[in-house]
Amino acid sequence: MHVAASSASRPVRLHARRAAVLSVLGMGFGQMYNGQFAKGAVLFAGELAALVLGWAPFRHAMWGLVTLGETPQIRQGGRIVVAGDHSIFLLIEGLLALFVFALFLLLYAGNVWDAYRTGALRDEGRRPPTLREEIRIFLDRGYPFLLLAVPVLFVLFTIVLPLVFGVLIAFTNYSSPYHLPPRSLVNWVGLETFRNLFQLSTWSRTFWGILWWNVVWATLATLSTYFLGLGYAVLLGSKVVRGKRFWRTLYILPWAFPQFVSLLIFRNFLNQQFGPLNRFLVSVGLPSIPWLSDPFWAKVSVLLVNLWLGFPYWMMLMSGVLTGIDRELYEAAAVDGARGWQAFRHVTLPLVFRATGPLLIMSFAFNFNNFNVIYLLTSGGPANPNYSFAGHTDILISWIYKLTLEQSQFNMASAVSLLIFLFVAGISLVNFRNTRAFREEELA
């Protein structure tokens, strides 16, 4: 009895279902069924125009996306006889067509939903809105969505599409010397690039060696700047230091100065033969140090220079955090018998970690891809004969730079980029989930 009563109270969606089915068969059919002939005619004309004008280009774009071209370029005596297919252009055209088709499907779904909603009004005994009423309702309620549509389309075609293109390159053989358009075609190779990266000794030895140094570099670069900045902030916040403004201004200079200029200056400063640092060491009777030409000292150099460039940021940030700590906590700790180090360990450090934990994770991700310090200071050198197109201080991002702009190994660079994204995203996700600051934010 309850089921029967419930069915009787629910309106029968006869018009809604018919309008939805008709809209699936053709844009505007459902609107015409609901008596909205002008609106239905406009939608049907739009679908007809899309089919007539867009079908042939869409079919060609899908052919290019699947095959990446079938006709290679032919030259005779240095002259191009047959232009051939450009695989990369075909790939981009195919992606553009797919994105436009996805937007068309979205509009089509909106057409079906609109017909169903208007049919539901008829089922409830209400009059469907006229075209003028529809326009007024759209302008009143849909204005925010209309404004948001422009940036969404901008992000879709300028950020999402290039990202998808970069990922797809990893599944092709787009590389020098045999697969560079327009002289040669590019083919889909599936996971072969990833297999080569992990199984071929020349690639795998380079990848794992650089990845290990990359993790060490990112960890040391992050922790060294973090704790040195904290130390200076605590020191400058103590009562024994005079002229705090002067010292803060002095220490902020390395951060305020353009980084690439500082790095180029350090590159000359650390030069083994002509650098002023080694000249000073020799003048006081000490041996010169191969700062940039020895693998060990080159790694020490990039860490020290990064420490010099990075600690002022943390110092200023920590100064703000330390200022915000309630002084009553220290007074309570003193009453309990805690001395300087104990108060720092049990009061200052937990509060500082809680406030700066997310930034520490972001700093690790930044240093993992810190291209400037590595490339501008050492260019990845010194050379490592066991690596493919990489040196001792190269990290993955600088290796990718060399693979793309110097060696034209685009597919391998794309595969490494994809692995970097997965690695950094995984670490960031795990750390974000374990950071107390975020857990407390959720509780709040």
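The following exchange examines how terms are applied to a predicted model.

User: What makes a feature eligible for discussion in this predicted model?

Analyst: Local features need pLDDT of at least 70 and side-chain atom pairs count only at pLDDT 80 or more, whereas totals for chains, interfaces and linings use all residues. Residues are numbered from 1 along each chain as its sequence is written, and side-chain values use heavy atoms, with hydrogens and water left out.

User: Why is Gln-73 called buried?

Analyst: Buried means under 20% relative accessible area, exposed means over 50%, and partly exposed lies in between (1.4 Å probe, protein chains only). Gln-73 has a relative accessible area of 13%, so the residue is buried.

User: Where does Gln-73 lie, and what does Gln-73 touch?

Analyst: Gln-73 lies in the loop between helix H4 (37–67) and strand E1 (74–76); helices (H or I, at least four residues) and strands (E, at least two) are DSSP runs, numbered from the N terminus. Contact means heavy atoms within 4.5 Å. Leaving aside residues up to four places away in sequence, Gln-73 touches Ile-80, Val-82, Ala-83, Gly-84, Pro-182 and Arg-183.

User: What makes the pairing of the Gln-73 and Arg-75 side chains a polar contact?

Analyst: A polar contact is a pair of N or O atoms within 3.5 Å; within protein, one must be able to donate a hydrogen and the other to accept it, and residues adjacent in sequence count only if both atoms are side-chain atoms. The two side chains make their contact at 2.8 Å, so the distance falls within the cut-off.

User: Why is Val-82 called partly exposed?

Analyst: The relative accessibility of Val-82 is 29%, which is between the two limits, and therefore Val-82 counts as partly exposed. Val-82 is found in strand E2 (residues 79–82). Among the residues that Val-82 touches are Thr-71, Pro-72 and Gln-73, with residues up to four places away in sequence not counted.

User: How do you know that Glu-134 and Lys-39 form a salt bridge?

Analyst: A salt bridge is a side-chain nitrogen of Lys or Arg within 4 Å of a carboxyl oxygen of Asp or Glu. The closest N and O atoms of Glu-134 and Lys-39 are 2.9 Å apart, so the pair qualifies. The pair links distant parts of the chain, with Glu-134 in helix H6 (residues 131–141) and Lys-39 in helix H4, 95 residues apart. Lys-39, Asp-114, Arg-117 and Glu-134 are linked in a network of salt bridges, and a search of the whole structure finds 7 salt bridges.

User: Are Glu-134 and Lys-39 buried or exposed?

Analyst: Glu-134 counts as buried because its relative accessibility is 13%. Lys-39 counts as buried because its relative accessibility is 16%.

User: Why are Glu-133 and Arg-127 placed in their accessibility classes?

Analyst: Glu-133 is partly exposed because its relative accessible area is 24%. Arg-127 counts as exposed because its relative accessibility is 57%. Glu-133 forms a salt bridge with Arg-127, the closest N and O atoms being 3.1 Å apart.

User: What makes Asp-140 and Arg-136 a salt bridge within helix H6?

Analyst: Their side chains meet at 4.0 Å, N to O. Both residues lie in helix H6, 4 residues apart, about one turn of the helix. An α-helix has 3.6 residues a turn, so residues three or four places apart point the same way. Asp-140 is exposed because its relative accessible area is 55%, while Arg-136 is partly exposed because its relative accessible area is 49%.

User: What makes the nonpolar surface patch, and which helix supplies the largest share?

Analyst: Patches are made of residues with over 30% relative accessible area and no salt bridge; like charges are joined within 9 Å, and nonpolar side chains (Val, Leu, Ile, Met, Phe, Trp, Tyr) within 5 Å. The patch of about 780 Å² is made by Val-21, Leu-25, Phe-29, Phe-44, Leu-48, Leu-51, Val-52 and Leu-53; accessible areas come from the Shrake-Rupley method with a 1.4 Å probe, and for residues only the protein chains shown count as cover. The largest share, 5 residues, comes from H4. Helix H2 (14–25) and H4 each supply at least two residues.

User: Why is Val-52 called exposed?

Analyst: Val-52, in helix H4, has 61% relative accessibility and therefore counts as exposed.
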